[in-house]
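Got a minute to walk through a model together? Here it is.

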Amino acid sequence: MPVAESVPQTLYDKVLAAHVVDEKLDGTVLLYIDRHLVHEVTSPQAFEGLKNAGRKVRRPDCTLATTDHNIPTKSRKGLKDLASFIEQDDSRLQCITLEENVRDFGVTYFGLGDKRQGIVHVIGPEQGFTLPGTTLVCGDSHTSTHGAFGCFAMGIGTSEVEHVLATQCLITKRSKNMRIQVDGELAPGVSSKDVVLHAIGLIGTAGGTGCVIEFCGSVIRGLSMEARMSICNMSIEGGARAGMVAPDDITFEYLKGKPLAPTYGTPEWDRAVKYWRSLQSDPGAKYDIDVQIDAKDIIPTVTWGTSPEDVVPITGVVPDPESFKSEAKKKAGRRMLEYMGLTAGTPITEIPIDKVFIGSCTNSRIEDLRAAAQVVKGKKKADNVTRAMIVPGSGVIKDQAEAEGLDKIFLDAGFEWREAGCSMCLGMNPDILSPKERCASTSNRNFEGRQGAQGRTHLMSPVMAAAAAIVGKLADVRKLTEYTASPHIDAYKLNNTPTAPNGKAHVDESVEDDDTARERITDQPEDISPHVNSMTSEAPGSQGLPKFLVHRGIAAALDRSNIDTDAIIPKQFLKTIKRTGLGSALFYESRTKEDGSVNPDFVLNQEPWTKAKILVCTGPNFGCGSSREHAPWALNDFGIRCVIAPSFADIFFNNTFKNGMLPIAIKNQAEIEKIATEARAGKEIEVDLPNQVIRDADGHELAKFDVEEFRKHCLVNGLDDIGLTLQMEDKIVDYEKKASTNTPWVDGTAYLKRKGQGGKLAAKPVPVPTTNRGQELKDPIEW
């Protein structure tokens, strides 16, 4: 009997298939998670849930935590502890809460006094925590960064953070496959940031919704790992669940010598590389969406509006909204011009700027700093640029840049040289824009208020931001610098084994004479065996959710497209360690005027919609942007348990279900308008989930809707993911045994066990020759 030929698989299909613990007939997958990154903003409520349920972190050896979003990037020379260093009460609370949680649950933690501290999506790859062929999650939408390694990496909400901490699994759905192939050769001055901004401009912020994007082609193959990370980082801005690049020799070279990667030159390294080489999409693999881009069409690119899709070449002009195709697009364009303070037809290079920010998880790596320094060297910041900030992505990168003299180049030019952190990317810390200030930024989002209330953001590459700082306007870097090679790999190769300048470990100096601080900041747990904590030990059953059956109430209508999570709840309200009390923050920028008074024109401030239980949005892509679960929390706290829109961003869509809420996608615009008409009239509507129908107040059918059977089952019965997963402990244990045999390098075996004093972190760590697993340590960065 002939053997059936196997179906060609994509890279995503291969990685996903290797991590399926269980799969339902409807395509719902219980997915095992190899790596979990944790930070202070999206984890407090998750750890609180574990404590309330009496659960442990299942795989502390595969979990890594750091503080990054809230922390100041000022000098840490006087750092004693977080309590005295962070001035803002709410920021301090989140950071201290993380330190308490990592201590209580035995999770590895890089604190502010540790040179390995930095942005989660920088330190993961830097430490070798991110590996090809793995699954990786973090409570942050830009987790897609790690896909540059051929890793399936996705942002998750806080409920899912708790789920992964407790079970090391996620309940999810298979995504569609999308390919963006970039062939040709990039022109001098064009970087990976230009590539991804150009791609997002083509597909739009919802173009990749429901997809995992695989980036491929000769241009992608020629990029360094740093450049690939920048591209995958912004996959989420194109609506995708994740972005991926197949691993190759450039990947393997980057991973050599990384502390948590398999040790180079050992049989385990050779075995890992052999497996990693198999992670290529098969010839003939099918993609649901295919995008082809010619490199010659890409020139230095910047954003002009308030969405990453609003891009224009630096040689262009501010677009005229009246030329846009639809009335909705025209309306949105007019709003953007007003917010950005721009006039249609203005040459992009005639737009003056106030501040420059070079940093973020998109562009804060050593390659980015080298490229910007090449533009800045020997020049001075323009007088009208009040502030130009360089924020390295980690303490390791900062040390390496200083060893190369990059800090001096920037300081001599009038730039600020900062400590590692998220900084001005999202304005949750002291690094923010003032109202109506304009910033040339290397970050990833230009939403309204993203970098500070009423701040105006233009996204661009590091060399373009550096050029803008020198000129004082948005500028074409090609006119400032003579290029002999494209700044994506050839001119700025990274030494893949960075070391601290003093060649020794640098762990929290603040604990030297303070036993209490030493206990609190302990950033390395004892490495115990076995690594796996049972899910059933001391753990009660599912905590449950309110059942969702028939939901009836006043509906409020919003006539907007691309309503992002920053608009649903601004970043200043994320500084909480609770899930509740956020209803007053819902649509805060729209509900209040500049002076803080109530805006009577916004629907949720008007009667009867102040008591709305359903939200009807007539524009597509509701909930795009950040992974913050605070958005559904705010809606829920306001009283809105159901949102109806033509389409939703993936992470928001998922987060609503995790909170017992129902997002309903109605693609028929006539039906959406019919529902919105009822809402505008101040009438109640009824959402009947068991029968999947929406009715008016008199019981007449307005529309039918589809909902996945598994999600419906969970909502109707009030089931949560942890409760469901606890029922599959045997299958998870069986998976872990097989994974430890087949891919042993994925187990967390490389964390150091530091000898303490009285159970506390040693004040002055001294070099030890091996890890607790007997692995020889040769490179100082391993400390």
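What follows is a short chat about rings, charges, a pocket, cysteines and one helix in this predicted model.

Visitor: How many aromatic pairs does a search of the whole structure find?
Guide: To count as a pair, two rings need centres within 6.5 Å. With that cut-off, the search of the whole structure comes to 19.

Visitor: Phenylalanine 410 and tryptophan 417 make a pair; is it stacked or edge-to-face?
Guide: Look at the ring centres, which are 6.1 Å apart, and at the planes, which sit at 15°. Planes under 30 degrees apart count as stacked, and over 60 as edge-to-face. At 15°, therefore, the pair of phenylalanine 410 and tryptophan 417 is stacked.

Visitor: And are phenylalanine 410 and tryptophan 417 buried or exposed?
Guide: The cut-off for buried is under 20% relative accessible area, and for exposed it's over 50%. Both phenylalanine 410 and tryptophan 417 come out as buried.

Visitor: Which residues do ring pairs link into a cluster?
Guide: Follow the ring pairs and you get a cluster with Trp745 in it. The full set is Phe252, Tyr264, Trp269, Tyr275, Trp276 and Trp745.

Visitor: Which ring does the charged end of lysine 74 sit over?
Guide: For a lysine, NZ has to be within 6 Å of the ring centre and within 35 degrees of the ring normal. The charged end of lysine 74 is 5.0 Å from the centre of its ring partner, and that partner is phenylalanine 85.

Visitor: In the second largest pocket, which element gives the largest share of the lining?
Guide: This pocket holds about 820 Å³ of space, and 25 residues line it, with Thr209, Gly210, Asp650, Phe653 and Glu708 closest to its centre. Elements giving two or more residues are β8 (169–173), α21 (650–658) and β23 (662–665). The largest share is 4 residues, and they come from α21.

Visitor: How far from cysteine 138 is the nearest cysteine sulfur?
Guide: The whole structure has 0 disulfides, and a disulfide needs two sulfurs within 2.5 Å. For cysteine 138, which is in no disulfide, the nearest cysteine sulfur belongs to cysteine 361, at 9.6 Å.

Visitor: Is cysteine 138 buried or exposed?
Guide: Buried means under 20% relative accessible area. Cysteine 138 has 0%, so it's buried.

Visitor: How many residues of helix α13 are buried?
Guide: Helix α13 covers residues 366–376 and is mostly covered. Its buried residues include charged ones by name, among them Glu367, Asp368 and Arg370. Out of 11 residues in α13, the buried count is 10.

Technical notes:
Residues numbered from 1 in each chain as written. Predicted model: local features only at pLDDT ≥ 70, side-chain atom pairs only at ≥ 80, totals over all residues. Heavy atoms only, no water. Phe/Tyr/Trp six-rings, centres within 6.5 Å; stacked < 30°, edge-to-face > 60°. Buried < 20%, exposed > 50% of the residue type's maximum accessible area, 1.4 Å probe, protein only. 1 Å grid on protein atoms, 1.4 Å probe; cavity = no way out; pocket = protein on both sides within 12 Å on 5 of 7 lines; lining within 4 Å. Points joined across faces, edges and corners; volume = space filled by probe spheres on them.
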